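These are my notebook entries on a structure that I examined from its overall build down to single residues. The sequence and the model are shown first.

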Amino acid sequence: MSLHMAVEVVRDSEISLTAQIQGFIKSEIAAGGLHAGTRLPSSRRLADDLDVSRSVVVEAYGQLVAEGYLEAVQGAGTRVVGHLAAESVVPALPGADRVPGVRWDLRPGGGGLPDFPRRDWLACYERALRSGAPSAHACPPLAGTDALRLELAQYLGRARGVRTTAERLAVVGGFAQGLGLLCGVLRRQGVGAIGVEDPGHPGQRRFLRDCGVRPLPLPVDEAGLDVTALAATDLRAVLVTPTHQYPTGVTLRDDRREQLVRWARETDGLIIEDDYDGGLWYERGRRPSALQRLAPERVVYAGTASKSLAPGLRLGWLAAPPELLDRLLRERARHDLGTETLTQLAFAELLRGGLLDRHLRRLNSRAGSRRQALVEAVRRQLPGAEVPGPAAGLHAYLRLPPHTDEEALVSGALRRSVAVRGGAACHARPRRDAPALVVGHAHLPRSGITEAVRVLAEVMSR
Ligand SMILES: Cc1ncc(COP(=O)(O)O)c(C=O)c1O
(Lines give C-alpha, C1' and ligand atoms only; values in the text may rest on other atoms or scores of the structure.)
Protein backbone atom coordinates (compact mmCIF):
# COMPACT_ATOMS: atom_id res chain seq x y z
CA MET A 1 0.00 0.00 0.00
CA SER A 2 1.41 3.36 -1.03
CA LEU A 3 0.44 5.44 1.97
CA HIS A 4 1.50 9.02 2.34
CA MET A 5 2.19 10.90 5.59
CA ALA A 6 2.84 14.64 5.73
CA VAL A 7 5.97 14.70 7.93
CA GLU A 8 7.89 17.95 8.27
CA VAL A 9 11.66 17.65 8.61
CA VAL A 10 14.38 20.30 8.38
CA ARG A 11 17.55 19.13 6.76
CA ASP A 12 20.15 21.56 8.13
CA SER A 13 19.07 21.27 11.75
CA GLU A 14 21.09 20.28 14.79
CA ILE A 15 18.39 17.76 15.58
CA SER A 16 18.89 14.47 13.77
CA LEU A 17 16.39 13.44 11.09
CA THR A 18 15.49 10.37 13.17
CA ALA A 19 14.71 12.53 16.21
CA GLN A 20 12.70 14.95 14.08
CA ILE A 21 10.54 12.14 12.67
CA GLN A 22 10.04 10.70 16.14
CA GLY A 23 9.19 14.08 17.62
CA PHE A 24 6.80 14.88 14.78
CA ILE A 25 4.88 11.61 15.12
CA LYS A 26 4.67 11.94 18.92
CA SER A 27 3.36 15.49 18.73
CA GLU A 28 0.82 14.58 16.04
CA ILE A 29 -0.48 11.75 18.21
CA ALA A 30 -0.73 14.07 21.20
CA ALA A 31 -2.55 16.74 19.17
CA GLY A 32 -5.04 14.23 17.76
CA GLY A 33 -3.77 14.52 14.17
CA LEU A 34 -2.69 10.88 14.09
CA HIS A 35 -5.58 8.79 15.38
CA ALA A 36 -5.45 5.45 17.16
CA GLY A 37 -5.18 2.65 14.63
CA THR A 38 -3.88 4.88 11.81
CA ARG A 39 -1.66 2.90 9.51
CA LEU A 40 1.64 4.62 8.68
CA PRO A 41 3.58 4.39 5.40
CA SER A 42 6.25 1.71 5.17
CA SER A 43 9.74 2.81 6.15
CA ARG A 44 10.77 2.48 2.51
CA ARG A 45 7.94 4.67 1.27
CA LEU A 46 8.40 7.38 3.92
CA ALA A 47 12.18 7.42 3.38
CA ASP A 48 11.58 7.83 -0.34
CA ASP A 49 9.05 10.62 0.12
CA LEU A 50 11.33 12.49 2.56
CA ASP A 51 14.42 11.73 0.49
CA VAL A 52 16.29 10.31 3.49
CA SER A 53 18.00 6.98 4.01
CA ARG A 54 15.63 4.16 4.93
CA SER A 55 17.59 3.42 8.12
CA VAL A 56 16.57 6.88 9.44
CA VAL A 57 12.91 5.94 9.29
CA VAL A 58 13.48 2.36 10.49
CA GLU A 59 15.21 3.74 13.58
CA ALA A 60 12.51 6.34 14.24
CA TYR A 61 9.70 3.79 13.94
CA GLY A 62 11.66 1.25 16.04
CA GLN A 63 12.14 3.76 18.84
CA LEU A 64 8.44 4.72 18.81
CA VAL A 65 7.47 1.05 18.94
CA ALA A 66 9.81 0.57 21.90
CA GLU A 67 8.25 3.55 23.66
CA GLY A 68 4.75 2.20 23.02
CA TYR A 69 3.54 4.86 20.59
CA LEU A 70 3.45 2.60 17.55
CA GLU A 71 2.95 -1.10 17.01
CA ALA A 72 4.27 -3.28 14.22
CA VAL A 73 1.47 -5.62 13.15
CA GLN A 74 2.47 -8.76 11.28
CA GLY A 75 1.35 -8.35 7.67
CA ALA A 76 -0.35 -5.00 8.35
CA GLY A 77 2.62 -2.62 8.73
CA THR A 78 3.03 -0.04 11.45
CA ARG A 79 0.10 1.57 13.29
CA VAL A 80 -0.55 4.10 16.00
CA VAL A 81 -1.49 2.17 19.14
CA GLY A 82 -4.98 2.56 20.57
CA HIS A 83 -4.59 3.84 24.09
CA LEU A 84 -2.49 6.91 23.25
CA ALA A 85 -5.14 8.59 21.14
CA ALA A 86 -5.99 12.14 22.07
CA GLU A 87 -9.50 12.54 23.39
CA SER A 88 -11.94 12.43 20.53
CA VAL A 89 -13.45 15.73 19.52
CA VAL A 90 -15.64 14.12 16.87
CA PRO A 91 -19.32 14.46 17.77
CA ALA A 92 -21.26 11.28 18.37
CA LEU A 93 -22.05 9.51 15.12
CA PRO A 94 -25.63 8.83 14.09
CA GLY A 95 -26.73 5.63 15.72
CA ALA A 96 -24.57 6.38 18.73
CA ASP A 97 -27.80 6.92 20.63
CA ARG A 98 -28.34 3.17 20.50
CA VAL A 99 -29.19 2.05 23.95
CA PRO A 100 -26.69 -0.61 25.01
CA GLY A 101 -28.14 -3.95 25.96
CA VAL A 102 -31.52 -3.28 24.36
CA ARG A 103 -33.04 -6.38 22.80
CA TRP A 104 -35.87 -4.77 20.83
CA ASP A 105 -35.55 -1.15 19.75
CA LEU A 106 -38.98 0.07 18.68
CA ARG A 107 -38.02 3.72 18.37
CA PRO A 108 -38.54 5.12 14.85
CA GLY A 109 -35.20 4.75 13.08
CA GLY A 110 -33.75 3.43 16.34
CA GLY A 111 -32.94 -0.16 15.54
CA GLY A 112 -31.38 0.16 12.14
CA LEU A 113 -32.88 0.51 8.69
CA PRO A 114 -34.98 -1.71 6.54
CA ASP A 115 -33.14 -3.39 3.73
CA PHE A 116 -31.23 -1.21 1.31
CA PRO A 117 -31.24 -2.61 -2.28
CA ARG A 118 -27.46 -3.02 -2.31
CA ARG A 119 -27.16 -5.00 -5.49
CA ASP A 120 -29.41 -2.70 -7.54
CA TRP A 121 -27.72 0.38 -6.16
CA LEU A 122 -24.29 -1.01 -6.93
CA ALA A 123 -25.33 -1.86 -10.49
CA CYS A 124 -26.83 1.60 -11.00
CA TYR A 125 -23.82 3.34 -9.49
CA GLU A 126 -21.51 1.27 -11.68
CA ARG A 127 -23.54 2.14 -14.76
CA ALA A 128 -23.31 5.81 -13.89
CA LEU A 129 -19.58 5.52 -13.36
CA ARG A 130 -19.01 3.49 -16.50
CA SER A 131 -21.04 5.81 -18.70
CA GLY A 132 -17.83 7.76 -19.21
CA ALA A 133 -19.81 10.98 -19.57
CA PRO A 134 -17.62 13.90 -18.45
CA SER A 135 -20.69 15.29 -16.68
CA ALA A 136 -20.48 12.37 -14.21
CA HIS A 137 -17.55 14.09 -12.52
CA ALA A 138 -18.46 17.68 -13.15
CA CYS A 139 -20.14 20.01 -10.69
CA PRO A 140 -23.87 19.34 -11.15
CA PRO A 141 -26.35 22.04 -12.15
CA LEU A 142 -27.55 23.68 -8.95
CA ALA A 143 -31.07 22.34 -9.46
CA GLY A 144 -29.78 18.79 -10.01
CA THR A 145 -28.68 16.77 -13.02
CA ASP A 146 -31.00 16.83 -16.02
CA ALA A 147 -31.07 13.02 -16.02
CA LEU A 148 -32.43 12.81 -12.49
CA ARG A 149 -34.91 15.66 -12.82
CA LEU A 150 -36.36 14.09 -15.98
CA GLU A 151 -36.74 10.72 -14.26
CA LEU A 152 -38.14 12.30 -11.10
CA ALA A 153 -40.74 14.30 -13.02
CA GLN A 154 -41.99 11.10 -14.63
CA TYR A 155 -41.84 9.05 -11.44
CA LEU A 156 -43.57 11.65 -9.26
CA GLY A 157 -46.30 12.14 -11.85
CA ARG A 158 -46.86 8.41 -12.20
CA ALA A 159 -46.49 7.25 -8.59
CA ARG A 160 -47.56 10.26 -6.53
CA GLY A 161 -49.75 12.24 -8.92
CA VAL A 162 -47.48 15.28 -8.61
CA ARG A 163 -48.02 17.92 -11.31
CA THR A 164 -44.53 18.99 -12.27
CA THR A 165 -41.85 19.02 -14.96
CA ALA A 166 -38.08 18.60 -14.85
CA GLU A 167 -37.76 22.41 -14.98
CA ARG A 168 -39.81 22.81 -11.82
CA LEU A 169 -37.80 20.34 -9.77
CA ALA A 170 -34.73 20.81 -7.61
CA VAL A 171 -32.65 18.00 -6.16
CA VAL A 172 -31.59 18.76 -2.59
CA GLY A 173 -29.61 17.18 0.23
CA GLY A 174 -32.65 15.58 1.87
CA PHE A 175 -35.78 17.35 3.06
CA ALA A 176 -33.69 19.03 5.76
CA GLN A 177 -31.82 21.07 3.19
CA GLY A 178 -35.01 21.80 1.27
CA LEU A 179 -36.70 23.05 4.43
CA GLY A 180 -33.67 25.15 5.31
CA LEU A 181 -33.81 26.80 1.87
CA LEU A 182 -37.54 27.40 2.18
CA CYS A 183 -36.98 29.06 5.56
CA GLY A 184 -34.33 31.30 4.02
CA VAL A 185 -36.69 32.39 1.23
CA LEU A 186 -39.62 32.90 3.60
CA ARG A 187 -37.49 35.00 5.96
CA ARG A 188 -36.36 37.21 3.09
CA GLN A 189 -40.03 37.73 2.23
CA GLY A 190 -40.73 38.82 5.78
CA VAL A 191 -42.47 35.58 6.81
CA GLY A 192 -41.26 34.89 10.35
CA ALA A 193 -43.60 32.05 11.37
CA ILE A 194 -44.89 28.83 9.91
CA GLY A 195 -47.78 26.60 10.94
CA VAL A 196 -46.80 23.07 11.97
CA GLU A 197 -48.85 20.05 12.94
CA ASP A 198 -49.25 19.30 16.63
CA PRO A 199 -48.39 16.53 17.34
CA GLY A 200 -45.60 16.72 14.84
CA HIS A 201 -41.92 16.02 14.37
CA PRO A 202 -40.05 17.53 17.34
CA GLY A 203 -36.81 17.72 15.36
CA GLN A 204 -38.51 19.77 12.67
CA ARG A 205 -39.81 22.31 15.17
CA ARG A 206 -36.26 22.74 16.50
CA PHE A 207 -34.88 22.92 12.96
CA LEU A 208 -37.33 25.68 11.99
CA ARG A 209 -36.44 27.71 15.07
CA ASP A 210 -32.74 27.29 14.27
CA CYS A 211 -33.49 28.57 10.76
CA GLY A 212 -35.06 31.71 12.23
CA VAL A 213 -38.69 30.79 11.53
CA ARG A 214 -41.08 30.36 14.47
CA PRO A 215 -43.13 27.14 14.33
CA LEU A 216 -46.73 27.75 15.37
CA PRO A 217 -48.39 24.49 16.46
CA LEU A 218 -51.81 23.71 14.98
CA PRO A 219 -54.01 20.85 16.17
CA VAL A 220 -54.34 17.55 14.33
CA ASP A 221 -57.36 15.25 14.66
CA GLU A 222 -58.46 12.02 13.00
CA ALA A 223 -58.94 13.90 9.68
CA GLY A 224 -55.48 15.49 9.78
CA LEU A 225 -54.59 19.17 10.23
CA ASP A 226 -57.34 21.37 11.66
CA VAL A 227 -57.52 23.88 8.81
CA THR A 228 -60.10 26.03 10.61
CA ALA A 229 -57.49 26.61 13.34
CA LEU A 230 -54.97 27.56 10.64
CA ALA A 231 -57.42 29.97 9.02
CA ALA A 232 -57.91 31.70 12.36
CA THR A 233 -54.23 32.77 12.41
CA ASP A 234 -52.43 35.30 10.25
CA LEU A 235 -49.93 32.69 9.07
CA ARG A 236 -48.83 32.68 5.43
CA ALA A 237 -47.07 29.34 5.36
CA VAL A 238 -47.78 25.88 6.72
CA LEU A 239 -45.86 22.61 6.82
CA VAL A 240 -47.98 19.46 6.54
CA THR A 241 -47.64 15.69 6.13
CA PRO A 242 -50.95 15.03 4.35
CA THR A 243 -50.44 11.45 3.18
CA HIS A 244 -49.29 9.93 6.46
CA GLN A 245 -49.28 12.48 9.25
CA TYR A 246 -46.21 12.33 11.46
CA PRO A 247 -46.56 10.83 14.03
CA THR A 248 -50.28 9.89 14.19
CA GLY A 249 -50.34 8.27 10.75
CA VAL A 250 -53.71 9.73 9.74
CA THR A 251 -54.36 10.90 6.17
CA LEU A 252 -55.61 14.42 5.49
CA ARG A 253 -59.26 13.96 4.52
CA ASP A 254 -60.42 15.14 1.09
CA ASP A 255 -62.59 17.98 2.42
CA ARG A 256 -59.67 19.20 4.55
CA ARG A 257 -57.41 19.11 1.50
CA GLU A 258 -59.82 21.34 -0.37
CA GLN A 259 -60.18 23.63 2.64
CA LEU A 260 -56.38 23.88 2.93
CA VAL A 261 -55.95 24.76 -0.73
CA ARG A 262 -58.73 27.35 -0.40
CA TRP A 263 -56.90 28.88 2.56
CA ALA A 264 -53.71 29.13 0.50
CA ARG A 265 -55.49 30.77 -2.47
CA GLU A 266 -57.40 33.24 -0.33
CA THR A 267 -54.46 34.30 1.83
CA ASP A 268 -51.63 34.13 -0.73
CA GLY A 269 -50.33 31.36 1.51
CA LEU A 270 -47.76 28.66 0.86
CA ILE A 271 -48.24 24.98 1.69
CA ILE A 272 -45.15 22.84 2.19
CA GLU A 273 -46.07 19.20 1.64
CA ASP A 274 -43.64 16.85 3.39
CA ASP A 275 -44.21 13.52 1.60
CA TYR A 276 -41.50 11.83 3.68
CA ASP A 277 -42.76 8.25 3.26
CA GLY A 278 -45.02 8.68 0.23
CA GLY A 279 -43.95 5.48 -1.53
CA LEU A 280 -44.48 3.35 1.56
CA TRP A 281 -48.11 2.35 1.47
CA TYR A 282 -49.49 -1.14 2.03
CA GLU A 283 -53.08 -0.44 3.00
CA ARG A 284 -55.41 -2.16 0.58
CA GLY A 285 -57.51 0.09 -1.62
CA ARG A 286 -57.01 3.69 -2.54
CA ARG A 287 -53.59 5.22 -2.03
CA PRO A 288 -53.78 8.99 -1.57
CA SER A 289 -52.00 11.10 -4.15
CA ALA A 290 -49.94 14.15 -3.34
CA LEU A 291 -51.83 17.22 -2.16
CA GLN A 292 -49.73 19.29 -4.57
CA ARG A 293 -51.79 18.11 -7.59
CA LEU A 294 -54.73 20.19 -6.31
CA ALA A 295 -52.80 23.46 -6.44
CA PRO A 296 -49.31 23.23 -7.97
CA GLU A 297 -49.06 27.03 -7.82
CA ARG A 298 -49.59 27.06 -4.04
CA VAL A 299 -47.84 23.88 -2.84
CA VAL A 300 -44.17 22.99 -2.62
CA TYR A 301 -44.00 19.23 -2.78
CA ALA A 302 -41.02 17.73 -0.93
CA GLY A 303 -39.88 14.13 -1.26
CA THR A 304 -36.91 12.25 0.12
CA ALA A 305 -35.03 8.98 -0.28
CA SER A 306 -34.50 8.83 3.48
CA LYS A 307 -37.34 6.41 4.20
CA SER A 308 -37.57 4.54 0.91
CA LEU A 309 -33.81 3.96 0.56
CA ALA A 310 -31.54 5.36 3.26
CA PRO A 311 -31.18 8.67 5.13
CA GLY A 312 -27.43 8.48 4.60
CA LEU A 313 -27.86 9.21 0.90
CA ARG A 314 -28.99 12.74 1.80
CA LEU A 315 -31.15 12.87 -1.29
CA GLY A 316 -34.39 14.77 -1.58
CA TRP A 317 -36.34 16.82 -4.12
CA LEU A 318 -38.64 19.81 -4.26
CA ALA A 319 -41.33 20.49 -6.87
CA ALA A 320 -42.10 24.19 -6.65
CA PRO A 321 -43.83 26.92 -8.65
CA PRO A 322 -41.27 28.49 -11.05
CA GLU A 323 -40.80 31.81 -9.29
CA LEU A 324 -40.32 30.16 -5.90
CA LEU A 325 -37.93 27.64 -7.42
CA ASP A 326 -35.76 30.51 -8.71
CA ARG A 327 -35.67 32.02 -5.25
CA LEU A 328 -34.81 28.67 -3.68
CA LEU A 329 -31.92 28.18 -6.08
CA ARG A 330 -30.63 31.69 -5.43
CA GLU A 331 -30.82 30.91 -1.72
CA ARG A 332 -28.97 27.67 -2.29
CA ALA A 333 -26.21 29.37 -4.29
CA ARG A 334 -25.25 31.13 -1.07
CA HIS A 335 -24.53 27.80 0.63
CA ASP A 336 -23.18 25.19 -1.79
CA LEU A 337 -22.73 24.13 -5.39
CA GLY A 338 -25.25 21.32 -5.63
CA THR A 339 -25.86 17.69 -4.72
CA GLU A 340 -23.20 15.09 -5.44
CA THR A 341 -23.42 14.05 -9.10
CA LEU A 342 -22.78 10.29 -9.10
CA THR A 343 -25.42 9.66 -6.44
CA GLN A 344 -27.91 11.61 -8.55
CA LEU A 345 -27.02 9.63 -11.66
CA ALA A 346 -27.26 6.31 -9.81
CA PHE A 347 -30.67 7.28 -8.45
CA ALA A 348 -31.79 8.29 -11.95
CA GLU A 349 -30.78 4.78 -13.12
CA LEU A 350 -32.74 3.22 -10.26
CA LEU A 351 -35.84 5.14 -11.33
CA ARG A 352 -35.35 4.51 -15.05
CA GLY A 353 -35.12 0.75 -14.63
CA GLY A 354 -38.22 0.56 -12.42
CA LEU A 355 -35.92 -0.70 -9.67
CA LEU A 356 -37.18 1.74 -7.06
CA ASP A 357 -40.73 0.52 -7.69
CA ARG A 358 -39.59 -3.07 -7.29
CA HIS A 359 -37.72 -2.23 -4.09
CA LEU A 360 -40.76 -0.41 -2.68
CA ARG A 361 -43.01 -3.37 -3.45
CA ARG A 362 -40.72 -5.61 -1.41
CA LEU A 363 -40.35 -3.06 1.37
CA ASN A 364 -44.10 -2.54 1.51
CA SER A 365 -44.80 -6.23 1.65
CA ARG A 366 -42.33 -6.73 4.52
CA ALA A 367 -43.42 -3.62 6.40
CA GLY A 368 -47.06 -4.65 5.94
CA SER A 369 -46.47 -8.04 7.48
CA ARG A 370 -44.63 -6.46 10.41
CA ARG A 371 -47.34 -3.90 11.02
CA GLN A 372 -49.84 -6.74 10.94
CA ALA A 373 -47.81 -8.49 13.66
CA LEU A 374 -47.93 -5.29 15.70
CA VAL A 375 -51.68 -4.86 15.26
CA GLU A 376 -52.34 -8.50 16.20
CA ALA A 377 -50.06 -8.39 19.25
CA VAL A 378 -51.71 -5.15 20.41
CA ARG A 379 -55.18 -6.65 19.99
CA ARG A 380 -54.22 -9.76 21.98
CA GLN A 381 -52.05 -8.22 24.69
CA LEU A 382 -52.93 -4.55 25.10
CA PRO A 383 -56.70 -4.23 25.49
CA GLY A 384 -57.83 -0.64 25.12
CA ALA A 385 -54.86 0.28 22.91
CA GLU A 386 -55.19 0.84 19.16
CA VAL A 387 -53.12 1.56 16.06
CA PRO A 388 -54.92 4.30 14.08
CA GLY A 389 -54.28 5.40 10.52
CA PRO A 390 -53.71 3.41 7.33
CA ALA A 391 -51.09 0.68 6.96
CA ALA A 392 -48.24 2.81 5.65
CA GLY A 393 -44.74 4.02 6.36
CA LEU A 394 -42.07 2.68 8.65
CA HIS A 395 -43.72 3.62 11.92
CA ALA A 396 -47.09 3.24 13.61
CA TYR A 397 -48.80 5.28 16.31
CA LEU A 398 -49.83 3.14 19.23
CA ARG A 399 -52.59 4.90 21.14
CA LEU A 400 -52.66 3.68 24.73
CA PRO A 401 -55.60 3.36 27.11
CA PRO A 402 -56.44 6.83 28.53
CA HIS A 403 -55.00 6.43 32.02
CA THR A 404 -51.68 4.88 31.03
CA ASP A 405 -48.61 6.57 32.53
CA GLU A 406 -46.68 6.98 29.27
CA GLU A 407 -43.42 8.05 30.90
CA ALA A 408 -43.46 5.16 33.38
CA LEU A 409 -44.18 2.74 30.54
CA VAL A 410 -41.22 4.03 28.51
CA SER A 411 -38.79 3.73 31.42
CA GLY A 412 -40.24 0.42 32.63
CA ALA A 413 -39.90 -1.06 29.14
CA LEU A 414 -36.30 0.09 28.91
CA ARG A 415 -35.52 -1.72 32.17
CA ARG A 416 -36.86 -4.82 30.41
CA SER A 417 -34.62 -4.25 27.33
CA VAL A 418 -37.33 -2.77 25.11
CA ALA A 419 -36.72 0.79 23.84
CA VAL A 420 -39.83 2.78 22.88
CA ARG A 421 -40.53 6.45 22.23
CA GLY A 422 -43.36 8.13 24.04
CA GLY A 423 -45.70 10.39 22.06
CA ALA A 424 -45.13 13.27 24.50
CA ALA A 425 -42.03 14.52 22.68
CA CYS A 426 -44.11 15.13 19.54
CA HIS A 427 -46.49 17.50 21.31
CA ALA A 428 -45.71 21.19 21.38
CA ARG A 429 -48.72 22.20 23.47
CA PRO A 430 -50.29 20.49 26.47
CA ARG A 431 -51.81 17.43 24.90
CA ARG A 432 -55.46 16.73 24.46
CA ASP A 433 -55.16 13.24 23.07
CA ALA A 434 -54.46 9.89 24.69
CA PRO A 435 -50.98 8.74 25.76
CA ALA A 436 -49.20 7.00 22.92
CA LEU A 437 -46.02 5.42 21.63
CA VAL A 438 -44.44 6.11 18.25
CA VAL A 439 -43.33 2.67 17.13
CA GLY A 440 -40.78 1.99 14.41
CA HIS A 441 -41.77 -1.52 13.34
CA ALA A 442 -40.46 -1.97 9.81
CA HIS A 443 -36.95 -3.09 10.76
CA LEU A 444 -37.94 -5.73 13.34
CA PRO A 445 -38.79 -9.41 12.84
CA ARG A 446 -42.42 -10.32 13.57
CA SER A 447 -41.33 -12.40 16.55
CA GLY A 448 -39.48 -9.40 18.02
CA ILE A 449 -42.53 -7.19 17.66
CA THR A 450 -44.74 -9.76 19.41
CA GLU A 451 -42.25 -10.20 22.22
CA ALA A 452 -41.79 -6.46 22.67
CA VAL A 453 -45.56 -5.92 22.90
CA ARG A 454 -45.75 -8.71 25.50
CA VAL A 455 -43.13 -6.85 27.57
CA LEU A 456 -45.12 -3.61 27.22
CA ALA A 457 -48.23 -5.43 28.43
CA GLU A 458 -46.37 -6.80 31.45
CA VAL A 459 -44.96 -3.41 32.37
CA MET A 460 -48.42 -1.84 32.04
CA SER A 461 -50.02 -4.45 34.21
CA ARG A 462 -47.76 -3.58 37.14
C1 LIG B 1 -41.57 13.87 9.21
C2 LIG B 1 -40.31 13.70 8.43
N3 LIG B 1 -40.08 14.49 7.39
C4 LIG B 1 -38.96 14.36 6.63
C5 LIG B 1 -38.02 13.40 6.92
C6 LIG B 1 -36.83 13.22 6.03
O7 LIG B 1 -35.85 14.16 6.24
P8 LIG B 1 -34.52 14.06 5.36
O9 LIG B 1 -34.92 13.91 3.94
O10 LIG B 1 -33.82 15.35 5.64
O11 LIG B 1 -33.74 12.87 5.85
C12 LIG B 1 -38.21 12.56 8.00
C13 LIG B 1 -37.18 11.56 8.29
O14 LIG B 1 -36.93 11.10 9.33
C15 LIG B 1 -39.38 12.71 8.79
O16 LIG B 1 -39.61 11.91 9.85
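I began by fixing a term: a polar contact is a pair of N or O atoms within 3.5 Å; within protein, one must be able to donate a hydrogen and the other to accept it, and residues adjacent in sequence count only if both atoms are side-chain atoms. I noted that the model is predicted, that local features need pLDDT of at least 70 and side-chain atom pairs pLDDT 80 or more, while totals for chains, interfaces and linings use all residues. Residues are numbered from 1 along each chain as its sequence is written, and side-chain values use heavy atoms, with hydrogens and water left out.

**Entry 1: the ligand**

I looked up the polar contacts of the ligand. The side chain of serine 306 has an N or O atom 2.6 Å from an oxygen atom of the ligand. For arginine 314, I found a polar side-chain atom 2.8 Å from a ligand oxygen atom. Aspartate 274 places a polar side-chain atom 2.5 Å from a nitrogen atom of the ligand. The ligand taken alone exposes 400 Å², of which the protein buries 85%; these areas come from the Shrake-Rupley method with a 1.4 Å probe, and for residues only the protein chains shown count as cover.

I then listed the residues around the ligand, which have a heavy atom within 4 Å of it. Among them are Gly174, Phe175, Ala176, His201 and Lys307. Helix H6 (residues 174-188) gives the largest share of this shell, three residues.

**Entry 2: threonine 145**

Where does threonine 145 lie? I found threonine 145 in the loop between helix H4 (118-130) and helix H5 (146-160). Helices here are DSSP runs (H or I, at least four residues), as are strands (E, at least two), numbered from the N terminus.

Is threonine 145 buried or exposed? Threonine 145 counts as buried because its relative accessibility is 6%, and buried means under 20% relative accessible area, exposed over 50%, partly exposed in between (1.4 Å probe, protein chains only). A polar atom of its side chain lies 3.2 Å from the backbone nitrogen of leucine 148. Leaving out residues up to four places away in sequence, threonine 145 touches Pro140, Thr341, Gln344 and Leu345, where contact means heavy atoms within 4.5 Å.

**Entry 3: the whole chain**

I recorded 14 helices and 16 strands in the chain. Its C-alpha trace spans about 85 × 60 × 40 Å along the principal axes. Of the 462 residues, 51% are buried.
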